[in-house]
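Have a look at the fold below before you read on. Turn it around a little and see what catches your eye.

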Amino acid sequence: MDTKLRGFVLSVYIVFGLPVITAHNDPSNKIMEDFSGYPIHEPQSQDSLLSLSVDSEGLQKQIDELSTLSETPAPSVTRILYSEKDVLARRFIKNLMGLSGLSVREDAVGNIFGRWDGDEPELAPVSTGSHIDAIPYSGKYDGVIGVLGAIEAINVLKRSGFKPKRSLEVIMFTSEEPTRFGISCLGSRLLAGSKELAELLKKTVDSQNISFFDAARFAGYANHLQDLTSVFLEKGSYSAFIELHIEQGPILEEEATSIGVVTAIAAPASIKVDFEGSGGHAGAVLMPMSRNDAGLAAAELALAVEKFVLESGSIDTVGTVGILELHPGAINSIPSKSHLEIDTRDIDEKRRNVVIEKIHQSALSISENRGVKLSEFKIVNQDPPALSDDLITMAMESACQELNLTFRKMISRAYHDSLFMARISPMGMIFIPCYKGYSHKPEEFAAIEDIANGVRVLALTLAKLSLA
Ligand code: GLV
Ligand code: MN
Ligand code: MN
């Protein structure tokens, strides 16, 4: 451990428990208390001099509070981009950032940044963050612990008396989930400078035909603006980016390991397919006649996706048909249109691309054999994998060692905003265990002790990187 950092860790132990947070005297506290219905408080327990002091009770309350800002009933959480609940949730996050003494800014699509100026603010800051949008009927931890946990990591450092050299910045990314506009990691993709996306969004609408820009304006963003290039950040804007996240897989829990140090993020792709047939009366059009059933074309393609993925022979190749819609959707009508959305991923980009090509060929031959039109085959995104930065993973590993936490290296099979932050900054991810690896469903759960461990590793890693 370098001397300055050792001094910091020692000072954590020495000033531990002293009321260092100036935000407590801030009148905006009242707003937060009014908004959340519970008081902001210093951590009650001072049980260990060997750990950074995470306010676990406060953090759990914030997680629970945020989960109530949902479009579906508990225990499920649904928070769709730019919805009323999303706007309230954003206000909740900005309040917390303010209470932590961070200076808050938002960009044109609602990526939210909270900065703690370091002693050398001209140096590229160290950043951390995740997302708070939630797919329909999901849980309350995915993304959320990487935002609330990041703010708490800042609080931990402030309480400890740490003074950053490089500024530290918490980022809440807009729409990591593709739910509303079919585009995953929308905010971080734009931050990383995707010109294609900036163009595409000019003509993107949701399933209700609401344009991206109208939706953004409802939430108070993109006012008088069609040009989203203002969101782009230069490569090198950050010296490091770290994301804290639940594992969304079972390994850490099964092995009783506290921390996963992510070495790479799998390469995701998504595809939209439309078939068009003739439709007709379910009783009157006889089976031997050519039914041109667009629904059966979709069913055949869905099974083909499974076959191609299994043919890869690797456990790392996955494929899912998560959306399958039939038109007109009447029991007594042969489907005249079908719509599929296919998600396929692999840690090996070439192998994933082979699967995509097989899916395409299969869609073409199904269309020919069944006499239906393949009216759309659109690869929405075909992203390469991302590798973590060695210096960041080393910093995370030594943080685990110093905090006496077990850890292991692992890959991320889910995608994250980190996949895109890696395009403009060295990147690393910290995983914590979650119950049975459940995610994207209401049963998702992470124990507060595990979350607190993740926050401590994050805080110490941020501190190390801030002094680097
Ligand atoms: C992110 O939520 C993913 O689908 O991996
Ligand atoms: Mn997710
Ligand atoms: Mn996530």
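What follows is a short tour, from the whole chain down to single residues.

**The whole chain**

Keep in mind that this is a predicted model. The protein chain has 14 helices and 15 strands. Of its 468 residues, 47% are buried. Now take the contacts between residues that sit 6 or more positions apart: 78% of them join residues 24 or more positions apart.

**Helix 11, a helix with two sides**

Helix 11 covers residues 349-370, which is 22 residues. From first C-alpha to last, helix 11 reaches 31 Å, close to the 32 Å expected at 1.5 Å a residue. Which residues of helix 11 are buried? They are Arg352, Val355, Ile359, Ala363, Ile366 and Ser367. These residues cover an arc of only 105° around the axis, so they sit on the same side of helix 11. Here's a handy rule: an α-helix has 3.6 residues a turn, so residues three or four places apart point the same way.

The other side of helix 11 holds the exposed residues Lys350, Glu357, Gln361, Leu364, Glu368 and Asn369. And what do the buried residues pack against? Their partners are helix 10 (294-311) plus four strands: strand 9 (267-276), strand 10 (318-327), strand 11 (337-346) and strand 12 (373-382). Just after helix 11 comes Gly371, with a positive phi of about 65°.

**Helix 5, tucked away**

Helix 5 (residues 144-160) tells another story. Here 17 of the 17 residues are buried, so helix 5 is largely enclosed by the rest of the structure. Its end C-alpha atoms are 24 Å apart, in agreement with the 24 Å that its 17 residues should span at 1.5 Å a residue. Gly161 follows helix 5, and its phi is positive, near 90°.

**Two helices that cross**

Helix 3 (residues 56-67) and helix 14 (residues 448-467) have axes that come within 10 Å and cross at roughly 105°. That makes helix 3 roughly perpendicular to helix 14. Where they meet, helix 3 brings Ser56, Leu59 and Gln60, while helix 14 brings Ile448, Ile451 and Ala452. By type, the residues of this contact are 4 nonpolar, 2 polar and no charged.

**A loop with two kinds of residue**

Next, try the loop between strand 9 and helix 10, home to Ser290 and also to Asn292. Is Ser290 buried or exposed? Ser290 has 11 C-beta neighbours inside 10 Å, so it counts as exposed. Asn292 has 21 other C-beta atoms within 10 Å, so it is buried. Leaving out residues up to four places away in sequence, Asn292 touches Gly277, Ser278, Arg370, Gly371 and Val372. That list includes Gly371, the glycine just after helix 11. Asn292 is also 17 residues from Phe275 in sequence, with 9.8 Å between their C-alpha atoms.

**Backbone details**

The table gathers some backbone angles worth checking.

| Where | What | Angle |
|---|---|---|
| Ala74 to Pro75 | cis peptide bond | omega about 5° |
| His327 to Pro328 | cis peptide bond | omega near 5° |
| Ala222 | positive phi, not a glycine | phi near 50° |
| Gln248 | positive phi, not a glycine | phi about 65° |

Each of these residues has a place in a loop. Pro75 lies between helix 3 and strand 1 (77-79), and Pro328 lies between strand 10 and strand 11. Ala222 is in the loop between helix 8 (212-218) and strand 7 (240-246). With 24 C-beta neighbours inside 10 Å, Ala222 counts as buried. Gln248, in the loop between strand 7 and helix 9 (251-255), has 19 such neighbours and counts as partly exposed.

Terms used
Residues numbered from 1 in each chain as written. Chains lettered and ligands numbered in written order. Predicted model: local features only at pLDDT ≥ 70, side-chain atom pairs only at ≥ 80, totals over all residues. Axes fitted to C-alpha atoms, helices over the stretch in contact; angles between N-to-C directions. Parallel < 35°, antiparallel > 145°, perpendicular 65-115°, else oblique. Contact = placed C-beta atoms within 7 Å. Nonpolar A, V, L, I, M, F, W, Y, C, P; charged D, E, K, R; others polar. Expected span 1.5 Å × (residues − 1). Buried ≥ 20, exposed ≤ 12 C-beta atoms within 10 Å, placed from the backbone. Arc of directions from axis to C-beta.
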